[in-house]
Amino acid sequence: MRDCHREITHWMEPLGIHVRVDAAGNFRGVYPALRRNAPRLLIGSHLDTVPNAGAYDGILGVVLAVTLLEELRGRRLPFGIEVIGFSEEEGVRFGTPFIGSRALVGRLDEDLLEVQDAQGFSVRKTIEKFGLNPAEIPQAELENDTLCYLEFHIEQGPVLEKLNQPLAAVEAIAGQSRMEFTFVGRANHAGTTPMHLRRDALTGAAEWIGAVERAAQVVPGLVATVGKVEAKPGAANVIAAEARLTLDVRHCSDDIRTRVIADVIRQAQEIAARRGLSVHESTLLSQRAVAMDPFLTAEVEGAIVETGCKPHRMVSGAGHDAMILAERVPAAMIFLRTPDGISHDPAESVAVEDVEKAIECGMHLLDQLAASPDFQKRINRA
């Protein structure tokens, strides 16, 4: 991460930008406005990634933010622009995502600072080891004059490629529920127990997996995934006494997501009762859907049209720093097409011409906001 910060600093220093790293490890640099003490907008994404990752998830958004400042060629706008590279979005090390962006909205609290990684290092100790002072985390919070947050990001899915579209305006980030289900039956010998006398937890779980898929297929925009199954005792010649499964459900409507979850819980209970099993579930995560700012989303859409592309809006099924920043300031996202829909893998890629369109879109967007009477009102209020 130090090397990453050093490299981006080398890009920004020729633009006359002073950079800093806040106490949560976020990389930040401010391009000044026409007048001193003018409010600023934020453009950025995250700098961390996942194991065996690709090169574009997160980091492309930071590269594009710096590129937009370069493209201004010293021209000043009615607002300042702060480029931000978040320190920890993925949640790989500590099992908790959005650590960097949480600091900006005042939610990097004492409990989160004490969360530990697999080696027993806490977030607090890791921040100190990096040479930062956790006591200064409150200073990372957004200033009251922050106008909005903009984020460019690869789609991480196949939709734009299917549509043959390079860019899209994100209108919402889907709500997400993560749960664990456990079916409990009775272990017995695989060769001597007749089929009609079995209480097989794994076959009950398998029937339920099919029910989950069918429930998701009839609800537009909903995705449901059983991503992990563990059977116990896990021997080839033993009927499973227990099957533990994860469930991930996402939709842009919290009401629809909640309703589908209630339905699949009911189906799990019915399947278990019919098969002589018991089942119980627990919620690991419940994250509400977050709508992007309507005004900014319309401006993004207009900027996409100015590049000669067709306008398209879509929902993000993945979580992003924008959903955290939206708690405090208006937020908007621009998606870039992801070839083959591949992400979180070394095969992750982008097309150069799509990146060019994204830069063009970003410049149109900055000019639109600078000329917008509605945005000028926001500037005056700040």
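**Exercise 1. A salt-bridge network**

Task: In this predicted model, determine which residues are linked with Asp22 in a network of salt bridges, and state how many salt bridges the count comes to.

Solution. Step 1: Start from Asp22 and collect the members of the network, which are Asp22, Arg28, Arg40 and Glu82. Step 2: Assign the charges; Arg counts as positive, whereas Asp and Glu count as negative. Step 3: Extend the search to the protein, where the count comes to 27 salt bridges.

**Exercise 2. Salt bridges between distant parts of the chain**

Task: For the salt bridges Asp117 with Arg93, Arg244 with Glu180 and Arg274 with Glu207, give the N to O distance, the location of each partner and the exposure class of each partner.

Solution. Step 1: Consider Asp117 and Arg93, whose closest N and O atoms are 2.8 Å apart. The pair links distant parts of the chain, 24 residues apart: Asp117 is in the loop between helix H4 (110-113) and helix H5 (123-129), and Arg93 is in the loop between S4 and H3. Asp117 has a relative accessible area of 7% and is therefore buried. Arg93, at 41%, counts as partly exposed.

Step 2: Consider Arg244 and Glu180, whose side chains meet at 4.0 Å, N to O. Arg244 lies in strand S10 and Glu180 in strand S7, so this salt bridge ties together parts that are 64 residues apart in sequence. Arg244 is partly exposed, with a relative accessible area of 28%, and Glu180 is likewise partly exposed, at 24%.

Step 3: Consider Arg274 and Glu207, which meet at 2.7 Å, N to O. Here helix H8 (residues 254-274), holding Arg274, is linked to helix H7 (residues 201-217), holding Glu207, and the two residues are 67 residues apart. Arg274 counts as exposed at 55% relative accessibility, while Glu207 counts as partly exposed at 25%.

**Exercise 3. A charged residue without a salt bridge**

Task: Establish why Glu90 has no salt bridge, given a cut-off of 4 Å, and describe its surroundings.

Solution. Step 1: Locate Glu90 in the loop between strand S4 (80-86) and helix H3 (99-104). Step 2: Find the nearest side chain of opposite charge, which is that of Arg178, 8.3 Å away. Step 3: Apply the criterion; a salt bridge requires a nitrogen of Lys or Arg within 4 Å of a carboxyl oxygen, and Arg178 at 8.3 Å therefore does not qualify. Step 4: Glu90 is nevertheless buried. Leaving aside neighbours within four places in sequence, the contacts of Glu90 are His46, Asp48, Thr49, Val50, Asp57, Pro97 and His344.

**Exercise 4. The pairing of strand S10**

Task: Identify which strands pair with S10, and in what sense; then state how many residues of S10 are buried.

Solution. Step 1: Tabulate the partners, together with one residue pair for each.

| Strand | Sense and bridges to S10 | Residue pair |
|---|---|---|
| S7 (residues 175-184) | antiparallel, ten bridges | Met179 opposite Leu247 |
| S8 (residues 223-225) | antiparallel, three bridges | Ala224 opposite Val249 |
| S9 (residues 229-232) | antiparallel, four bridges | Glu230 with Arg244 |

Step 2: Examine the cover of S10 (residues 242-251); eight of its ten residues are buried, and the strand is thus mostly covered. Step 3: Connect this with Exercise 2. Arg244 is the bridge partner of Glu230, and its side chain also meets that of Glu180 in a salt bridge.

**Exercise 5. Cysteines**

Task: Determine how many disulfides the whole structure contains, and explain why Cys309 forms no such bond.

Solution. Step 1: A disulfide is a covalent bond between the sulfur atoms of two cysteines. Step 2: The search of the whole structure finds zero disulfides. Step 3: For Cys309, the closest cysteine sulfur belongs to Cys361 and is 8.4 Å away, too far for a bond. Step 4: Compare exposure classes; Cys309 is buried at 10% relative accessibility, whereas Cys252 is partly exposed at 36%.

**Exercise 6. The overall fold**

Task: Summarise the secondary structure, the dimensions and the burial of the protein.

Solution. Step 1: The secondary structure comes to twelve helices and 14 strands. Step 2: The C-alpha trace spans about 80 × 50 × 40 Å along its principal axes. Step 3: Of the 382 residues, 51% count as buried. Step 4: The exposed area is about 17,600 Å², of which carbon and sulfur atoms supply 50%. Step 5: Among contacts between residues at least 6 apart in sequence, 79% join residues at least 24 apart.

Conventions:
Residues numbered from 1 in each chain as written. Predicted model: local features only at pLDDT ≥ 70, side-chain atom pairs only at ≥ 80, totals over all residues. Heavy atoms only, no water. Buried < 20%, exposed > 50% of the residue type's maximum accessible area, 1.4 Å probe, protein only. Pairing = 2+ DSSP bridges. Contact = heavy atoms within 4.5 Å. Disulfide = S-S within 2.5 Å. Areas by Shrake-Rupley, 256 points an atom, 1.4 Å probe, with all protein chains shown as cover.
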